[in-house]
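Please open the model in your viewer and keep the selection tool at hand. We will go from one selection to the next, and at each stop you can check on the screen what is described here.

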Amino acid sequence: MSDSVATTQTARKPRRTLTRAVIRFAGDSGDGMQVTGEQFTTEAAWAGNDISTLPNFPAEIRAPAGTLFGVSSFQLQFGSQRVYTPGDKLDALVVMNPAAFKVHLPDLKPGGILIVNPSAFDKRNLDKAGYASNPLEDPALGEKYRLHLVDMEGLTKKALEDMPLGAKEKDRCKNFFALGLVSWVYTRPLEPTLDAIKKRFAKRPEFVEANIRALKAGHAFGETAEMFAEHYGVEPAEMAPGTYRSMTGNRALAWGLLAAAERTQVPVVFGAYPITPASDILHELALHKRFRIRTFQAEDEIAAVAGAIGASFGGCIGVTASSGPGIALKGEGIGLAVTAELPLVIFDIQRGGPSTGLPTKTEQADLMQALYGRNSESPVVVMAPATPGDCFYIAYEAVRIAIKYMVPVMVLSDGYLANGSEPWLIPDVKTLPDIAVGFRTETEGFFPYLRDPATLARPWVRPGTPGLEHRIGGIEKQDVTGNISYDPENHDHMVRTRAEKVRRVGQEIPPLSINGPATGEVLVVGWGGTYGAITAAVEEAQAEGKAVASVHLRYLNPLPPDLGHILRQYRRVLVPEINSGQLVRVLRAEYLVDAVGFNRVRGLPLASQDIYEAINQMLEAKR
Amino acid sequence: MSPATGAPGATPKYTKKDFESDQDVRWCPGCGDYAILSAVQKTMPDLGIPREDIVFISGIGCSSRFPYYMNTYGFHTIHGRAPAIATGLKLARPELKVFVVTGDGDGLSIGGNHLLHVLRRNVDVTILLFNNRIYGLTKGQYSPTSELGKVTKSTPLGSADRPVSPCSFALAAGATFVARTLDRNIAHMEEMLKRAAAHKGAAFVEILQNCNVYNDMAWGMLYDRESKVLHELRLQHGKPLVWGPAEDRRGLVLEGVKPKVVKVADVPESQLWVHNETDPGTAAVLAHLWAPDYPIPLGVFTNRSGEATYEDICIQQEQKAISERGPGDVAKLLMSGDTWKIG
């Protein structure tokens with residue numbers, strides 16, 4: 001590597017130790033903020049921190065440069081203690097242009113580090129962001145924040161001046177300058193980023209050199225420039241020993257399926273139609289054809305679920321994935337799987353709605369759709385992962401339940417879990433629970449709707465099995481024989497049987513883990529991707545001696561058998577959700593408990609500070 | 001009920017009866033579906049496929065009750081989606097022989113999209129589309145194959161939309177086998193069913209079928225002994241396209257891409273259009289022909305064998321991936337890429 005950017009040896013600057021930090025990189029869609037954020041995450045992971053991330057990007061593929069709606073950002077919190085969320089308010093914000101400045105500055109804590117690329121604040125960009133004058137010229141800015149104007153464009157250009165690259169190509173390296181600088185500010189190791197650059201540009205050695213130079217130039221700038229008086233260390237977190245990797249929710253769902261296919265030796269047929277934010281599951285699975293995975297990019301959402309159902313009928317594990325709008329289209333198909341009593345796994349990666357809504361933003365508003373969004377009495381099992389890494393276990397568990405009970409299982413992930421990542425302790429796959437697959441081959445006494453007394457599951461028969469030829473379908477059928485039946489009593493019996501089958505999945509649910517005292521003032525009940533924000537808020541209240549606890553539901557239908565008892569051990573029940581009150585409605589209906597919702601539907605994860613305040617309000621209101 | 005068993009491993013010698021299920025058939029008396037059911041059951045023993053390896057999949061409509069009456073594996077699914085369900089099944093289990101039974105409403109209206117895609121993908125399924133030009137199960141609304149101006153319950157002043165030709169649709173979608181037959185011509189129907197079932201790839205058969213309750217004699221022109229002679233053109237590979245009574249034979253010649261009806265006696269035989277099943281281009285021209293200006297073709301429009309099926313390509317990719325890198329190992333995958341140790 002060239003040494004044209006010399007690291008001047010100066011007196012070492014003081015290093016202050018923090019327990020945690022929240023950083024956001026923000027810029028134009030074309031500024032490489034996602035790569036920068038992901039790479040910084042890897043550096044923090046190397047340093048042994050616990051981490052939570054929040055990528056946030058526009059729905060437009062190439063949003064016009066410099067516009068407010070074209071801003072892309074990546075936020076992460078890393079710490080030496082347990083990190084539950086990407087953080088509410090920012091300790092440091094790196095902004096590459098006026099639009100990013102305008103959109104993100106309100107989230108920076110007073111006194112926070114603000115690193116700005118001033119060369120992007122020209123008239124054109126200021127106009128696009130709606131600024132009449134340059135906000136960097138406001139003296140109040142430097143008083144409120146620790147403002148650092150770093151000409152990243154110019155400095156990157158200078159570091160690369162002797163390189164045979166075009167001006168545009170050089171400019172594209174400035175995100176690595178930013179990364180180098182922030183890596184210095186937080187004393188994160190550069191090694192993983194150096195490796196990643198070499199891998200990423202393996203075929204273009206000149207890009208490898210340019211980006212490494214930019215990275216090192218940024219790092220050296222932090223070390224030598226007079227503007228940074230100190231930098232920060234964040235010690236390794238106390239985490240369970242083992243080997244870790246960074247895991248996003250979508251990849252974890254995909255890999256959970258691979259693990260289920262490997263354990264059962266039954267292929268997974270995955271039908272999907274591209275939709276944000278679920279498409280990455282299809283992409284990931286399509287890479288792994290060696291793992292008993294067959295992917296089917298269907299002509300539409302309906303064909304995607306239909307293909308999965310056809311595969312399940314054929315004795316494979318049928319899985320489909322989508323987001324809310326696609327799940328709506330799949331409803332009739334899911335109903336067929338309910339009545340045909342076939343195993344089917346449906347991933348719903350929730351996003352803002354209704355209709356197209358906010359495709360790249362997160363929401364938790366499909367719970368009612370999952371529970372009731374089909375015609376007639378059409379119960380399915382509903383589960384929700386709590387963290388990105390939990391998606392792996394949920395996917396595996398969904399397959400296990402679907403096969404054991406011959407029932408559709410809906411998994412409610414969301415945009416935040418799907419794209420967010422956390423350090424994930426890699427499990428020993430041998431320790432995953434067994435998934436029993438017993439295809440019926442015995443002809444004696446066979447009926448298509450003969451039921452297992454414990455689970456009420458009907459037999460799973462692979463076509464091709466001699467002597468078990470049979471017909472199933474969407475028309476109501478007589479129990480046991482499976483023959484078409486319009487008999488009123490039989491229909492009532494079948495409606496109850498299908499519901500009872502789902503209810504019996506309750507016997508699979510482990511006791512809820514209560515975070516906090518077993519009785520007290522306030523119980524916070526959550527589900528899905530709000531786990532981190534709720535836990536952080538509850539632990540903050542507990543640290544102040546408040547009698548607050550939380551439980552987090554991974555099973556939403558059936559509900560955990562011990563939930564009703566737990567709810568009654570607290571004076572008040574608070575249910576934070578990114579919807580206008582869906583689980584809270586279920587809990588009130590199911591348990592006649594006066595649960596109260598805390599609801600924000602902004603397309604963003606809930607802020608733990610807001611939940612903390614809601615807890616306090618509830619505690620005060622009681623008095 | 002049970003088939004006579006042959007040598008171990010060999011396909012049993014079946015009879016038609018082996019393919020009759022124990023369910024009461026619930027179509028209206030006189031429905032054309034009875035003849036189709038009988039023909040299909042009769043064709044099954046000739047396929048040489050074990051009964052347990054045969055699956056019938058259907059959507060919704062009168063035709064879609066079909067699987068219940070076949071003593072094979074069967075799945076009566078949801079409206080229009082049978083082709084998609086069959087695609088998933090074939091991807092899961094390429095070795096199964098899969099039939100899709102659909103109708104003009106199920107296949108060309110609500111399920112038109114899936115029919116398009118199962119055909120263009122060349123999934124190895126045999127699709128039987130019963131075309132009676134009416135919605136029977138919902139009691140008599142016009143269908144996407146009903147003629148313009150059709151008076152029905154939902155169109156008391158006549159339908160305003162023009163019909164689609166199922167065979168033209170299938171050919172345009174790239175189907176590798178397309179044929180048309182008639183519920184009242186048992187011998188021809190059986191021949192078409194056999195040829196379609198023997199085709200590897202997406203095979204599409206339009207069966208003109210009579211709904212004697214809501215659209216009786218929709219195909220009367222082909223039922224009536226006298227008019228049949230005047231209008232029915234039998235497609236035969238390698239033979240000139242001729243029809244009509246012996247004393248007044250008519251033939252087709254191609255002028256550029258435009259077909260023209262001629263008196264056979266007036267042109268040299270070498271000028272007559274000779275049917276070529278392997279040419280999808282001329283098949284598309286043929287599929288557009290209809291009375292009164294042209295004859296109504298029955299038979300195989302196109303039959304192109306040897307084209308890779310969707311599921312074969314998928315399985316080949318899978319096998320290639322395994323042969324190059326070995327079967328997947330999840331424990332190894334989890335440890336791949338960037339990992340770090342704690343403790």
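Two strands are said to pair if DSSP finds at least two bridges between them; helices (H or I, at least four residues) and strands (E, at least two) are themselves DSSP runs, numbered from the N terminus. What you see is a predicted model, in which local features need pLDDT of at least 70 and side-chain atom pairs count only at pLDDT 80 or more, while totals for chains, interfaces and linings use all residues. Residues are numbered from 1 along each chain as its sequence is written, and chains are lettered from A and ligands numbered from 1 in the order in which they are written.

**First stop: a strand in chain A**

Select residues 317-322 of chain A, which form strand β12(A), and colour its six residues, since six of six are buried (a residue is buried if 20 or more other C-beta atoms, placed from the backbone, lie within 10 Å of its own, exposed if 12 or fewer, and partly exposed in between). Ile317(A), Val319(A) and Ala321(A) are buried on one side of the strand, and Gly318(A), Thr320(A) and Ser322(A) are buried on the other.

Now add residues 268-272 of chain A, strand β10(A), which runs parallel to β12(A) and is joined to it by five bridges; here Phe270(A) stands opposite Val319(A). Next add residues 344-350, strand β13(A), which pairs with β12(A) in the parallel sense over four bridges, with Asp348(A) as the bridge partner of Ser322(A). To pass from β12(A) to β13(A), the chain goes through helix α13(A), residues 324-340, in a right-handed β-α-β crossover; right-handed means that, with the strands pointing away from the viewer, the path from the first strand over the helix to the second runs clockwise.

**Second stop: a helix in chain A**

Select residues 488-504 of chain A, helix α17(A), whose 17 residues should span 24 Å at 1.5 Å a residue, and whose end C-alpha atoms are indeed 24 Å apart (the expected span is 1.5 Å times one less than the number of residues). Which residues of α17(A) are buried? They are Met494(A), Lys501(A) and Val502(A). These buried residues cover an arc of only 95° around the axis, which puts them on the same side of α17(A); the arc is that of the directions from the helix axis to the C-beta atoms. Turn to the other side of α17(A), and you will find Pro488(A), Glu489(A), Asp492(A), Arg496(A) and Glu500(A) exposed.

**Third stop: where the chains touch**

Show both chains together: 50 residues of chain B are in contact with 59 residues of chain A, where contact means that two C-beta atoms, placed from the backbone, lie within 7 Å. Helix α2(B) gives the most to the side of chain B that touches chain A, with eight residues. To see strands from both chains side by side, select β9(A), residues 242-248, which is joined to β14(B) by four bridges in an antiparallel arrangement, with Gly242(A) and Ile342(B) as bridge partners.

**Last stop: a sheet in chain B**

Finally, hide chain A and look for an open sheet of three strands in chain B, in the order β10-β11-β12 with antiparallel pairing. The edge strands, β10(B) (242-243) and β12(B) (258-263), each pair on one side only. Strand β11(B), residues 250-255, is joined to β12(B) by six bridges, and Glu255(B) has Lys258(B) as its bridge partner.
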